[in-house]
Amino acid sequence: MDKNKIVNFCKNCEAWCCYDGVYLTEEDEKKIKTVVENNKDFFSFIPNNYIVDGNWENLFNGRKTNVKPKNYKNNGYPKHFNQTTCVFSVNNKCMLQEFAIEKGEEEWKYKPFTCCTFPLQKRDGKFFAPSEVEDNCNIGEKYPGYVSFLPCYNLKKVDLNKEIEFSDKKSKCNKRS
Ligand code: SF4
């Protein structure tokens with residue numbers, strides 16, 4: 001899978017997408033707890049409550065990764081995003097991904113499914129480039145959106161064809177397992 005275009009965007013954006021952590025599936029939570037419990041030395045930087053109950057603007061509840069304070073340096077950082085980041089983010093890198101790389105495993109093995117497919121957006125079971133669907137986190141002046149405020153929002157379908165194909169396949173595999 002060619003991730004060069006996405007990786008180039010990520011290098012320059014201080015991992016803004018990780019500012020609030022991520023909501024997890026049951027499968028994600030089990031997988032993360034297992035890898036953390038079995039590798040306490042590697043994950044010694046995370047707090048005990050690395051997964052918590054989340055509530056987004058009284059519109060959505062669920063289990064999610066916890067967050068920690070972070071000072072974003074880029075002036076373009078959206079004002080309605082908090083100065084926080086996911087507890088698994090270190091120096092703008094996802095340590096669940098870094099762990100898998102260090103162990104020589106498939107790099108997205110422990111990463112939550114939403115993070116693996118980001119910035120693709122899903123509607124009616126299909127994946128799209130972010131700008132092709134409405135930003136469903138736009139709830140007005142107080143919070144005017146999420147993905148549409150990220151630099152990778154401008155990636156087009158043509159840039160993301162391989163990612164869309166990969167995510168469709170991975171999504172089908174997840175349903176089967
Ligand atoms: S799990 Fe990794 S990619 Fe997902 S929000 Fe946390 S640090 Fe970012």
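Two residues are in contact here if their C-beta atoms, placed from the backbone, lie within 7 Å. Keep that in mind as you explore this predicted model.

**Stop 1: C86**

Select C86 and look for its partners. Leaving aside neighbours within four places in sequence, C86 is in contact with C18, G21, V22, T65 and V67. C86 also belongs to the largest nonpolar core, which has 28 residues. Within this core, C86, F88, L96 and L150 touch the most other members. The element that gives the most to the core is α3, with three residues. As background, nonpolar side chains in soluble globular proteins tend to be buried together.

**Stop 2: the whole chain**

Now zoom out and colour by secondary structure. You should find five helices and eight strands. Followed along the sequence, they come in the order α-α-β-β-β-β-β-β-α-α-β-β-α. The protein has 177 residues, and 24% of them count as buried. Take the contacts between residues at least 6 apart in sequence: 55% of these join residues at least 24 apart.

**Stop 3: G21**

Next, select G21, one of the contacts of C86. G21 sits in the loop between α1 (4–11) and α2 (26–38). Is G21 buried or exposed? G21 is buried, because 23 other C-beta atoms lie within 10 Å, and a residue counts as buried at 20 or more. Setting aside residues up to four places away in sequence, G21 touches K64, T65, N66, V67 and C86. For a distance to try in your viewer, pick the C-alpha atoms of G21 and I51: they are 9.6 Å apart, while the two residues are 30 residues apart along the chain.

**Stop 4: the ligand**

Show the ligand and the residues that surround it. They are C18, G21, V22, T65, C86, F88, S89, C94, L96, K111, P112 and C115. Notice that G21 and C86, from your earlier stops, are both in this shell. How do the shell residues divide into nonpolar, polar and charged? Eight are nonpolar, three are polar and one is charged.

**Stop 5: helix α3**

Finally, select residues 95–102, which form helix α3. Its buried residues are M95, L96 and F99. Turn the view to look down the axis of α3: these buried residues fall within an arc of 110 degrees, so they line one face of the helix. What covers them includes α2, β5 (89–90) and β6 (93–94). After α3 comes G104, whose phi is positive, near 75 degrees.

Notes:
Residues numbered from 1 in each chain as written. Predicted model: local features only at pLDDT ≥ 70, side-chain atom pairs only at ≥ 80, totals over all residues. Near = placed C-beta within 6 Å. Nonpolar A, V, L, I, M, F, W, Y, C, P; charged D, E, K, R; others polar. Helix = DSSP H or I, 4+ residues; strand = E, 2+ residues; numbered from the N terminus. Buried ≥ 20, exposed ≤ 12 C-beta atoms within 10 Å, placed from the backbone. Arc of directions from axis to C-beta. Core = buried A, V, L, I, M, F, W, Y, C linked by C-beta atoms within 7 Å.
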